[in-house]
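Visitor: I am new here and would like to know how the labels people use are justified. Could you walk me through them?

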Number of protein chains: 2
Amino acid sequence: MTERLYLYDTTLRDGQQTQGVQFSVDEKLAIAKMLDTLGVDYIEGGWPGANPTDSAFFEAVGPTRATLAAFGMTKRAGRSAGNDDVLAAVLNAGTPSVCLVGKTHDYHVDTALGIGRDENVENIRASVAHCVAQGREAIFDAEHFFDGYNANPAYALECLHAAHEAGARWIVLCDTNGGTLPGRIGKVVSEVIAAGIPGDRLGIHCHDDTGMAVAGSLAAVEAGARQIQGTLNGLGERCGNANLISLIPTLALKEPYASRFEIGVSAEGLHSLTRISRRLDEILNRVPRNNAPYVGASAFAHKAGLHASAIAKDPATYEHVDPATVGNERIIPMSNQAGQSNLRARLQDMGIEVEKGDPRLLEILREVKEKEDIGYAYDTAQASFELVARRHLGRLPAFFEVKRYRVSVERRKNKYNRMVSLSEAVVVVKIGDQKHMSVSESMDETGSDRGPVNALSKALAKDLGPYQAAIDDMHLVDFKVRITQGGTEAVTRVIIDSMDSAGRRWSTVGVSPNIVDASFEALLDAVNWKLVRDAEAP
Amino acid sequence: MTERLYLYDTTLRDGQQTQGVQFSVDEKLAIAKMLDTLGVDYIEGGWPGANPTDSAFFEAVGPTRATLAAFGMTKRAGRSAGNDDVLAAVLNAGTPSVCLVGKTHDYHVDTALGIGRDENVENIRASVAHCVAQGREAIFDAEHFFDGYNANPAYALECLHAAHEAGARWIVLCDTNGGTLPGRIGKVVSEVIAAGIPGDRLGIHCHDDTGMAVAGSLAAVEAGARQIQGTLNGLGERCGNANLISLIPTLALKEPYASRFEIGVSAEGLHSLTRISRRLDEILNRVPRNNAPYVGASAFAHKAGLHASAIAKDPATYEHVDPATVGNERIIPMSNQAGQSNLRARLQDMGIEVEKGDPRLLEILREVKEKEDIGYAYDTAQASFELVARRHLGRLPAFFEVKRYRVSVERRKNKYNRMVSLSEAVVVVKIGDQKHMSVSESMDETGSDRGPVNALSKALAKDLGPYQAAIDDMHLVDFKVRITQGGTEAVTRVIIDSMDSAGRRWSTVGVSPNIVDASFEALLDAVNWKLVRDAEAP
């Protein structure tokens, strides 16, 4: 017998408390759509009345598969629930579900609210009853519950009972400051259930201040709670909320949860997880965490040479779930710890078959190792690695040769007496017997100087003869520079990420004491990789 | 009665499996020093013999407070432990402790090793015995233990017993693919102890593939294990290893751990945690995670308006630990008051006294905020921050003005038909009424081209008139470049670290779409900071 477990997403409300995050209405709508695709049970859209964006979101959002919830607080003292304008604004959003936060920690009732403890209990009861009377599903969000329960368990429970008796569908136990450890969470949830609040009415709301929000949520479920609150990518105040992106695959795929519980996320929803996680980062203009559980770019990357041969035999032995189930993929990067089997597996992924024991495998490994010793990084720059391998395997056509280049940067006052800079590049390229000489400058449409690498890139692309179209089709999406030790002295390592209209994305590397030279090397690799892949395309 | 709990750091070995991470020997030495300051019990330095960097590290590292451990694998079949050259290389590193990985999962013995199961048990026994006979502390690293125990508990235990009987000080249960959940980890550890391996000989090695490596480690400790393996910032393959930076404060500050266990990290070590975490990111040129438990820049940032007044009354109610204990600080972005007192404290650190309520404090805060919005990073570039403040406070003399500069990079064949590059810079500077024009190229003593920034730096330094001596006394020690969002589009942020003969080290920042221009801005700040500090010196 499976039991139903409910997922309550608060990305749009508690997730908005993340430092540096401020959603627009459009962003909220886009995220709500993703959440609905994913298959969470509840989407908490915000606090209507508390800020204009949240109110506008509730007006604009259409029908959703998930239950929409509006957040607010229990009525204030000294007025009836029906006469509290803050509560009225929340109800006016017209959502089927309403989540009201209230105090359950006596200390906060005394100091923050400054009202009588009984009065607080009455506020909870009356507010929940008012929502229910309006035909809404009421959820009571018990703020600071775990600290409150530690300090005064009888009072904390009295608050929960008030909400329960008034008809709350869910009572959510919040670990507001994130300090309660999973073991304690499990114990308290058990005690709450023993005190008469049924587990299938209990929710858990954890924060990641000790790095255990996911574990704390699962501890509550094991103790009997049946609703989990969390956010996409663990957004939220301070260290964030419980990360639903991590929780969902564990619940769906791993025992003891997979066979004990049923969740609203289908196999398709699960498959969209990686895409949704990265899309959210894109909306927020954040760099996705490579090491994020399940969905990170490195989550299924196998580096150790020792492991690689075993992985080739049976990937399942080094992977706790199949990356495809969450829409992610396996990566076997190159590194100086890689062995020949790692190398062959990697080449195979690139569509290059090499016989086991081929002596050229050793040559490739030797060059990779030598170059990594002087600063190259082939586990990041996979496209540059492919070019190294192709050169050894005789599978890299000589498309063109750069004979020389010159680039200059000048900074001086313009006619309006403002300091401006300009870069200019000349590149001389030989294609077959033909010499091509191009010049370009770095000004963009806005008149801003994009620098010497931009000028070089444009000059190189400008007249690559038969390859012009291929080059025009690619653009630079990221550029990373670091100083690293190249043998005895510091050199610059440049990594360039490129993309083309087919949606391919590839990374190349250049190393030199001269940053412009290192950049140019990475740029040439990027162009060559594009040409070789286009030439091999059917 | 407190019990001793041991922390085993494997940043330098398993942490090196992180995609994109490749430590140099110097970086390994710097990290080992940080680990020793922090107070971990073991520092695993790498696999001597398996790669040259690790061997060089063991040769170069001096005495440490922590026990140094070398990593390797149990002897191969068909030879004695004394005749296995791989094992010999590990022992030759001469570390007091030796950690050997071996198989305990029957499937891997059959398929990966392809040897008899008894032979594998014998390899474990003989290898551990050999280390002990050589006077070393032996640690057995039981690879894939949890999966092995699920598949064939009797065989997995037989492997552990072989190591135990042969005299292993520690037997480390590894959840190699990171798929075992905390509840299961606790249960298996209990069963292993019940089967006769004492808990004070058991270690736990977790990975973060479900986001629960910290919780899994603590579950093992609760079941009786007494050694935790992990890495700084949770570095490691795929999703990383258990994060010691998160685990240590929980063990040191939070119940039930704080009063049950004693760890080697002192209050001072704990206080260095935030610094160490960020310094590691700096070494790796990574962006520190703002939401990292305990040490993240947002870990104690309070955004919610609802909370702000309560926080002002008593911060402890919204913080599970005092941020100062881990060397972090509270951020209340709402409060200008907090911003101003923070700023005054920072200026005081720089020897600049400003009255409380001085209106220029607000001006400084405004400029810092505006410039951070377009990509500047004053947390890192303290010297540039000081210059901003001094400008507003009228305490920045106009030493010189750069009127214009030009720098070129040329790459062509030399007379020996080899590609060489050369950079040349011209800088025009005005000091008082005097115009100085200097030219310099970027060739170093070895004939290698150090690039355009080097040429600019030399040209600027060449003829700074009265400031020549001060400039000659400084040199660039690090140079970090990152692409960041400057308002609507990507810009380059350059951070330069400089040093002088007095041992002062300072960081400056420049931001521009043009990398050379951003570098030059940071360079000018570096020079100006040096001049202002020298001018104020007694």
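## A walk through the labels

Guide: Let's begin in a loop: B:Pro256 sits between α10 and α11 (257-260) of chain B. Please keep in mind that this is a predicted model.

Visitor: What makes the peptide bond from B:Glu255 to B:Pro256 worth a stop?

Guide: The bond is cis, with omega near 10°. Most peptide bonds are trans. In chain A, the bond from A:Glu255 to A:Pro256 is cis too, with omega near 10°. There, A:Pro256 belongs to the loop between α10 (244-253) and α11 (257-260) of chain A.

Visitor: How do you know whether helix α10 of chain B is mostly covered or mostly open?

Guide: A residue is called buried if 20 or more other C-beta atoms lie within 10 Å of its own. Nine of the 10 residues in α10(B), residues 244-253, are buried, and the helix is mostly covered. Among them are B:Leu244, B:Ile248, B:Pro249 and B:Ala252.

Visitor: Why is A:Ala194 called buried or exposed?

Guide: The limit for an exposed residue is 12 or fewer C-beta neighbours within 10 Å. A:Ala194 has 9 C-beta neighbours inside 10 Å, so this residue counts as exposed. A:Ala194 lies in helix α8 (residues 182-194) of chain A. Its C-alpha atom is separated by 31 Å from that of A:Gly39, 155 residues apart along the chain.

Visitor: What is special about phi of A:Tyr294?

Guide: Phi of A:Tyr294 is near 70°, a positive value in a residue other than glycine. Most residues other than glycine have a negative phi. A:Tyr294 lies in the loop between α13 (273-283) and α14 (305-313) of chain A. With 29 other C-beta atoms within 10 Å, set against a cut-off of 20 or more, A:Tyr294 is therefore buried.

Visitor: And what makes B:Asn233 buried or exposed?

Guide: B:Asn233 has 27 other C-beta atoms within 10 Å; buried asks for 20 or more, so B:Asn233 is buried. This residue also has a positive phi, about 55°, although it is not a glycine. B:Asn233 lies in the loop between β9 (227-230) and α10 of chain B.

Visitor: How do you know that β11 of chain A and β11(B) pair?

Guide: Strands pair if there are at least two bridges between them. Seven bridges join strand β11 (residues 401-413) of chain A to β11(B), so the two strands pair, and they run antiparallel. One of these links has A:Val407 with B:Val409 as its bridge partner.

Visitor: How many residues does each chain bring to the contact?

Guide: Chain B gives 80 residues and chain A gives 83 residues. On the side of chain B, strand β11 (residues 401-413) supplies the largest share, nine residues. That side divides into 28 nonpolar, 32 polar and 20 charged residues.

Visitor: Where do α18(A) and α20(A) meet, and what is the handedness of their crossing?

Guide: The axes of helix α18 (residues 452-462) and helix α20 (residues 515-536) of chain A come within 10 Å and cross at roughly 40°. The crossing is right-handed. From α18(A), A:Pro452, A:Val453, A:Leu456, A:Ser457 and A:Leu460 meet A:Val516, A:Ser519, A:Phe520 and A:Leu523 in α20(A). By class, this contact has seven nonpolar, two polar and no charged residues.

Note on methods. Residues are numbered from 1 along each chain as its sequence is written. Chains are lettered from A and ligands numbered from 1 in the order in which they are written. This is a predicted model: local features need pLDDT of at least 70, side-chain atom pairs count only at pLDDT 80 or more; totals for chains, interfaces and linings use all residues. Two residues are in contact if their C-beta atoms, placed from the backbone, lie within 7 Å. Helices (H or I, at least four residues) and strands (E, at least two) are DSSP runs, numbered from the N terminus. Ala, Val, Leu, Ile, Met, Phe, Trp, Tyr, Cys and Pro count as nonpolar, Asp, Glu, Lys and Arg as charged, and the others, Gly among them, as polar. Axes are lines fitted to C-alpha atoms, for helices over the stretch in contact, and angles run from 0 to 180 degrees between N-to-C directions. A crossing is left-handed if the near helix is turned anticlockwise from the far one by less than a right angle, and right-handed if clockwise.
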